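Here are a few short exercises to work through with the model open on your screen. Try each task yourself before reading its solution.

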Amino acid sequence: MVTIYALTCLQNGKAYIGCTSAKPSKRFREHRCLLNARVHSEPELQADWTRYGEAMFRMESVYELEADSDVHAKRAAETNAMQAFKRQG
């Protein structure tokens, strides 16, 4: 299974959208480690994490795809999730 997920800042509603074939909880631990070390590759996410703290973030599954989904299906699902979160904001 492939999971498209959103790591959302509850303070401002901004969401980082990602894709993982690992368990989402494992991927969140990876993000948390990078963010706490202040070396995450996404500057806006890092700034919000530093400003608001871990307690103001939630990670949720947005879509699930079959494990053998091709890269185009994964990117399309990520794009759909990004557009959905932009409409919410």
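The exercises below concern a predicted model and go from its sheet to a loop residue and then to a pocket.

**Exercise 1.** Work out the order of the strands in the sheet and find which strands stand at its edges.

*Solution.* Start with the order: three strands form an open sheet, arranged β2-β1-β3, with antiparallel pairing. Next, look at the edges. β2 (15-20) and β3 (57-65) each have a single partner strand, so one side of each lacks a neighbour in the sheet. Then zoom in on one pair: β1 (residues 2-9) and β3 are joined in the antiparallel sense over eight bridges. Within this pair, Leu7 stands opposite Met59 in β3. Finally, add the helix: α1 (residues 24-36) packs on the sheet and touches β1, β2 and β3, and its direction makes about 40 degrees with that of β1.

**Exercise 2.** Locate Gly13 and decide whether this residue is buried, partly exposed or exposed.

*Solution.* First, find Gly13 in the loop between β1 and β2. Its relative accessible area is 37%. Buried means under 20% and exposed means over 50%, so Gly13 is partly exposed. As a last step, take the C-alpha atoms of Gly13 and Phe57: they are 9.4 Å apart in space, while the residues are 44 apart in sequence.

**Exercise 3.** Describe the largest pocket and the residues that line it.

*Solution.* Begin with the space inside, about 370 Å³. Then turn to the lining of 16 residues, where Lys14, Ala15, Tyr16, Ile17 and Glu44 lie nearest the centre. Sort the lining by character: eight residues are nonpolar, three polar and five charged. To finish, trace where they come from: β2, α2 (43-52) and α3 (71-88) each supply at least two of them.

Definitions and conventions: Residues are numbered from 1 along each chain as its sequence is written. This is a predicted model: local features need pLDDT of at least 70, side-chain atom pairs count only at pLDDT 80 or more; totals for chains, interfaces and linings use all residues. Side-chain values use heavy atoms; hydrogens and water are left out. Two strands pair if DSSP finds at least two bridges between them. Helices (H or I, at least four residues) and strands (E, at least two) are DSSP runs, numbered from the N terminus. Contact means heavy atoms within 4.5 Å. Axes are lines fitted to C-alpha atoms, for helices over the stretch in contact, and angles run from 0 to 180 degrees between N-to-C directions. Buried means under 20% relative accessible area, exposed over 50%, partly exposed in between (1.4 Å probe, protein chains only). On a 1 Å grid over the protein atoms alone, a cavity is a set of points where a 1.4 Å probe fits but cannot get out, and a pocket is an open set with protein on both sides within 12 Å along at least five of seven lines; lining residues have an atom within 4 Å of a point. Grid points are joined across faces, edges and corners, and a volume is the space filled by probe spheres set on the points. Ala, Val, Leu, Ile, Met, Phe, Trp, Tyr, Cys and Pro count as nonpolar, Asp, Glu, Lys and Arg as charged, and the others, Gly among them, as polar.
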